[in-house]
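The following note is offered to a colleague who will read the coordinates alongside the text. It takes up internal space, charged contacts, the surface and the backbone in turn.

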Amino acid sequence: MVDDAATTAPGKAPGSSGAATSSTGGKQPEPAAAVARVGIEEVSGWRDRLASMDRDLTDEERIDLLRALEEATGSIAAAQAKLSADLDASVREERQRAGVPADQRGAGIAAQIALARRVSPSRGARQLGLAKVLDGEMPHTLTALTNGRLSEWRATLLARETACLTLEHRREIDEELCADPSTIEGWGDRRLAGEARALSSELEPEALVRRAKKAEKDRRVTLRPAPETMTQLTGLLPVTQGVAVYAALKRHADTARSNGDDRSRGQVMADTLVERVTGQSRADHVPLQVHLIMTEGTLLDGGADPAVIPDHGTIPAGRARDLITSTLTTGSAGATDDGSGSATDGDVAGDDRDADGTTRTACTKRTAGTKRTAGGSVGGVGVWLRRLFTDPAGNALVAMESTARRAPAGLARYITIRDQTCRTPWCDAPIRHIDHVHPHARGGATEASNLEGLCEACNYAKQAPRWTTRASPEDTENAENTDAADRRRPPSTAGPPGTTGPPVTTITPTGHSYTTRPPAPPGARSRRDASRTSTTGSTKADTPARTKRTRRRTDAA
């Protein structure tokens with residue numbers, strides 16, 4: 001999760017360079033950099049004009065403008081594809097001259113594209129792959145995209161359905177479907193993909209068989225957050241197995257409902273899936289291990305500050321308390337005690353200060369929950385609490401450090417809880433690596449202010465040539481969201497109120513910089529509001545808007 005992200009491009013400011021002219025008034029040829037700058041200014045001009053467009057139009061004009069903008073969207077996607085393909089070719093050529101091994105020449109290119117387009121690294125890699133296919137293997141599809149007759153998604157469908165073919169057959173399908181854009185005019189996405197698949201089967205049937213066998217090897221189960229404190233469990237299965245699973249669940253649901261079960265078919269299917277996979281008799285009695293990060297006020301005093309479940313996101317305060325209550329009353333959620341003393345569950349992020357307001361030096365402590373017995377089952381630990389202390393302002397978690405190169409388990413857990421997801425801008429992938437911002441081999445310390453949580457792809461991208469990262473106050477001078485006051489703060493507390501941890505600036509080989517900070521810990525906003533109130537001398541009676549917002553939060557909880 002990225003709380004702040006600022007990007008700074010190298011070079012002169014827009015409008016600072018103009019075309020050179022000779023003493024006789026004749027315009028001299030512009031260097032390539034100047035031409036590129038003019039192009040950027042022109043694109044910015046289009047954006048500004050669209051932002052201030054006249055909305056006093058007839059309905060006919062609105063439809064015409066919608067179509068024109070849709071076609072422009074395709075043209076922009078084609079331009080981005082061409083630029084991406086050119087960047088890939090340029091970087092690979094440069095690294096070839098430098099003697100970089102062939103299998104390492106593409107490292108970090110997709111990550112640069114992802115940062116520039118403000119998308120996740122995985123999506124940036126897909127966009128680069130599509131760009132190279134369109135530019136080098138499907139010229140008619142690229143032309144249709146450039147002319148606005150095809151959307152980027154529909155171009156992706158064509159590239160995907162022909163991915164298993166030889167170059168000759170792929171270009172044959174490209175020409176048949178897209179040489180004349182009117183051929184596919186009016187086709188839906190399903191028909192377009194189906195026609196491409198049918199042609200592929202005619203030209204190279206054995207390739208589709210190989211593709212199907214390869215797809216079976218990619219079967220997997222994934223878990224993604226969903227709105228309203230739900231989660232989406234997805235199984236990618238061979239078609240026969242997937243249909244069989246769904247049919248069995250549906251059949252059981254129909255039987256249950258015919259016997260008087262008042263749950264909907266979908267509810268019965270979902271509950272049955274959980275029960276059969278976990279072996280529990282009831283879906284809502286499944287023992288869970290959930291790291292729940294919340295403030296003491298939310299846990300004990302009915303506070304409204306949202307809680308955080310790592311790899312899932314925020315959940316309402318009331319729902320967090322419900323999970324704790326359910327654990328204590330039924331034992332259906334929480335860690336189980338195996339006698340080792342290592343069982344941990346709900347992590348509670350809060351502040352614990354001495355009378356003078358100083359944060360205690362201890363980093364963690366555990367408070368064992370009450371052992372209870374649910375439904376005759378073996379009694380276990382209902383809740384384990386791990387305290388994570390904040391600084392006196394309540395805006396940052398207290399730092400931890402180690403002398404080892406690899407972050408020890410406690411420090412790694414701290415970084416994972418602090419950063420929540422990969423620190424790379426626009427990447428929401430789960431944290432897999434705890435990485436040194438300033439490399440350990442160059443003297444970087446193994447401490448919280450010099451560590452960040454990254455996914456595997458982003459960590460490997462950082463190892464590409466000419467990528468650098470920094471995490472010190474002076475390193476944020478070029479970040480648009482950082483002022484002089486931020487740069488004077490110590491690294492462990494740099495950042496505006498409501499953030500935690502130091503800013504980390506990533507500088508790509510092209511000189512562009514991207515600065516991020518970890519998300520604020522639970523309760524930081526409430527403490528910030530309280531601080532503002534005490535500073536200005538205002539009260540809740542003086543701030544009806546704040547009172548109304550607080551009441552809404554309490555009601556929601």
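1. Helix H15 (456–462) gives three residues to the lining of the largest cavity, the largest share. Here helices (H or I, at least four residues) and strands (E, at least two) are DSSP runs numbered from the N terminus. The other elements that give two or more residues to this lining are helix H3 (109–117), strand E14 (451–454) and strand E16 (504–507).

2. The model is a predicted one, in which local features need pLDDT of at least 70 and side-chain atom pairs count only at pLDDT 80 or more, whereas totals for chains, interfaces and linings use all residues. Residues are numbered from 1 along each chain as its sequence is written, and side-chain values use heavy atoms, with hydrogens and water left out.

3. How many cavities of 30 Å³ or more does a search of the whole structure find? The search finds four, and the largest has a volume of about 130 Å³. Of the 14 residues that line this largest cavity, Thr424, Cys458, Lys462, Trp467 and Thr506 are the closest to its centre. A cavity is a set of points, on a 1 Å grid over the protein atoms alone, where a 1.4 Å probe fits but cannot get out; lining residues have an atom within 4 Å of a point. Grid points are joined across faces, edges and corners, and the volume is the space filled by probe spheres set on the points.

4. The lining of the largest cavity is of mixed character: eight residues are nonpolar, three polar and three charged. In this division Ala, Val, Leu, Ile, Met, Phe, Trp, Tyr, Cys and Pro count as nonpolar, Asp, Glu, Lys and Arg as charged, and the others, Gly among them, as polar.

5. Salt bridges number 22 in a search of the whole structure, each being a side-chain nitrogen of Lys or Arg within 4 Å of a carboxyl oxygen of Asp or Glu. One of them pairs Arg263 with Asp271, with the closest N and O atoms 2.7 Å apart. Both partners are partly exposed, Arg263 at 27% relative accessibility and Asp271 at 24%. The classes are buried (under 20% relative accessible area), exposed (over 50%) and partly exposed (in between), with a 1.4 Å probe and protein chains only. Elsewhere, Asp88, Arg92 and Lys132 are joined into one network by salt bridges that share partners.

6. Two further salt bridges deserve a look. Arg160 and Glu161 meet through their side chains at 3.3 Å, N to O; Arg160 is partly exposed at 40% relative accessibility, whereas Glu161 is buried at 6%. In the bridge between Arg47 and Asp48, the closest N and O atoms are 3.9 Å apart. Arg47 is exposed, with a relative accessible area of 54%, and Asp48 is partly exposed at 46%.

7. Which residues form a nonpolar patch on the surface? They are Val221, Leu223, Leu233, Leu273 and Val277, with about 500 Å² of accessible area together. Strand E2 (220–226) and helix H11 (265–278) each supply at least two of the patch residues. Val277 belongs to H11 and is exposed, at 64% relative accessibility. Patches are made of residues with over 30% relative accessible area and no salt bridge, like charges being joined within 9 Å and nonpolar side chains (Val, Leu, Ile, Met, Phe, Trp, Tyr) within 5 Å. Accessible areas come from the Shrake-Rupley method with a 1.4 Å probe, and for residues only the protein chains shown count as cover.

8. Two backbone angles should be inspected. Most residues other than glycine have a negative phi. Arg118, not a glycine, has a positive phi of about 60°; this residue lies in the loop between H3 and helix H4 (121–136) and is exposed, at 53%. Trp426, also not a glycine, has a positive phi of about 70°. Its place is in the loop between helix H14 (409–419) and strand E12 (433–436), and Trp426 is partly exposed at 26%.

9. The loop between H14 and E12 also holds Thr421, which is buried at 10% relative accessible area. The C-alpha atoms of Thr421 and Gly453 are separated by 7.0 Å, although the two residues are 32 apart along the chain.

Definitions and conventions: On a 1 Å grid over the protein atoms alone, a cavity is a set of points where a 1.4 Å probe fits but cannot get out, and a pocket is an open set with protein on both sides within 12 Å along at least five of seven lines; lining residues have an atom within 4 Å of a point.
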